[in-house]
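Me: I'd like to learn how to read salt bridges and backbone angles in a model like this one. Could you walk me through it?

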Amino acid sequence: MESNHIIIGKNGEDFAVKYLIENNYKILQRNYRKKWGEIDIVTFDLKTKEIVFIEVKTIQIRKNKKEVFLPEEELTLRKIQKLKKVILSFLAEHHLDNNKWRFDLIAIEAVCSPTFQITSAKLRHYQSIFLEF
């Protein structure tokens with residue numbers, strides 16, 4: 001059985017995919033995995049003609065909890081190091097080393113139903129996050 005955290009994360013990725021499609025992105029792949037990490041969504045930005053690697057961070061907003069943190073805080077230095085390796089692996093594996101690409105973060109603050117479906121959300125899309133390769 002999946003944990004609530006995993007279910008919320010998957011639902012956040014689904015929410016992000018809908019947003020991306022509505023905003024002229026073509027989904028190339030979801031959950032590209034290597035043994036050293038994973039990238040949530042690989043897309044092609046039809047406006048800028050770039051391959052875009054997207055990390056999605058989703059938190060559930062709980063009305064009865066006092067602690068406040070942002071999904072952006074989940075993108076740690078350790079996670080960034082793993083993402084770099086995964087991005088380079090994808091580019092090499094698909095012979096895209098010479099293509100334009102960027103890394104984006106989508107942060108989602110979600111209100112969820114009792115079954116952890118997202119009923120409403122605030123989505124922030126950070127484009128071209130510099131990863132220093």
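Reply: Happy to. Let's begin with accessibility: a residue counts as buried under 20% relative accessible area, as exposed over 50%, and as partly exposed in between. Keep in mind that this is a predicted model.

Me: Thanks. How many salt bridges are there, and what makes a pair count as one?

Reply: The general idea is a distance test: a side-chain nitrogen of Lys or Arg has to lie within 4 Å of a carboxyl oxygen of Asp or Glu. Applied here, that test gives 11 salt bridges. R33 and E38 form one of them, with their closest N and O atoms 3.8 Å apart. R33 has a relative accessible area of 56%, so this residue is exposed.

Me: Which residue does K34 pair with in a salt bridge?

Reply: The partner of K34 is E93, and the N to O distance is 2.8 Å. This pair links distant parts of the chain, since K34 sits in strand β1 (residues 25-34) and E93 in helix α2 (residues 77-93), 59 residues apart. Now use the accessibility scale: E93 has 41% relative accessibility, so E93 is partly exposed. K34, at 30%, is partly exposed as well.

Me: And E50, is that residue buried or exposed?

Reply: E50 is buried, because its relative accessible area is 12%. Its side chain forms a salt bridge with R102, where the closest N and O atoms are 2.7 Å apart. Here too the pair joins distant parts of the chain: E50 belongs to strand β3 (residues 50-60) and R102 to strand β4 (residues 101-112), with their positions 52 residues apart in the numbering. R102 has 5% relative accessibility, so R102 is buried. Through shared partners, salt bridges connect D45, E50, R102 and D104 into one network.

Me: What else does R102 touch?

Reply: Setting aside residues up to four places away in sequence, R102 touches Y25, D45, T48, E50, I51, V52, F53, Q127 and S128. With T48 there is also a polar contact, side chain to side chain, at 3.3 Å.

Me: Let's turn to the backbone. Why would a positive phi catch the eye in a residue other than glycine?

Reply: Most residues other than glycine have a negative phi, so a positive value stands out. In this model, N31 has a positive phi of about 50 degrees although it is not a glycine. N31 lies in strand β1. Its relative accessibility is 23%, which means N31 is partly exposed.

Me: Where is S128, and what is its phi near?

Reply: S128 is found in the segment after β5 (118-126). Its phi is near 55 degrees, a positive value in a residue other than glycine. With a relative accessible area of 49%, S128 falls under the 50% cut-off and is therefore partly exposed.

Me: Which residues does S128 touch?

Reply: Leaving out residues up to four places away in sequence, S128 touches R102, F103 and D104. You may recognise two names here, as R102 and D104 both belong to the salt-bridge network. Another way to place S128 is by its backbone: the C-alpha atoms of S128 and W101 are separated by 8.8 Å, and these residues are 27 residues apart along the chain.

How values were computed: Residues are numbered from 1 along each chain as its sequence is written. This is a predicted model: local features need pLDDT of at least 70, side-chain atom pairs count only at pLDDT 80 or more; totals for chains, interfaces and linings use all residues. Side-chain values use heavy atoms; hydrogens and water are left out. Buried means under 20% relative accessible area, exposed over 50%, partly exposed in between (1.4 Å probe, protein chains only). Helices (H or I, at least four residues) and strands (E, at least two) are DSSP runs, numbered from the N terminus. A polar contact is a pair of N or O atoms within 3.5 Å; within protein, one must be able to donate a hydrogen and the other to accept it, and residues adjacent in sequence count only if both atoms are side-chain atoms. Contact means heavy atoms within 4.5 Å.
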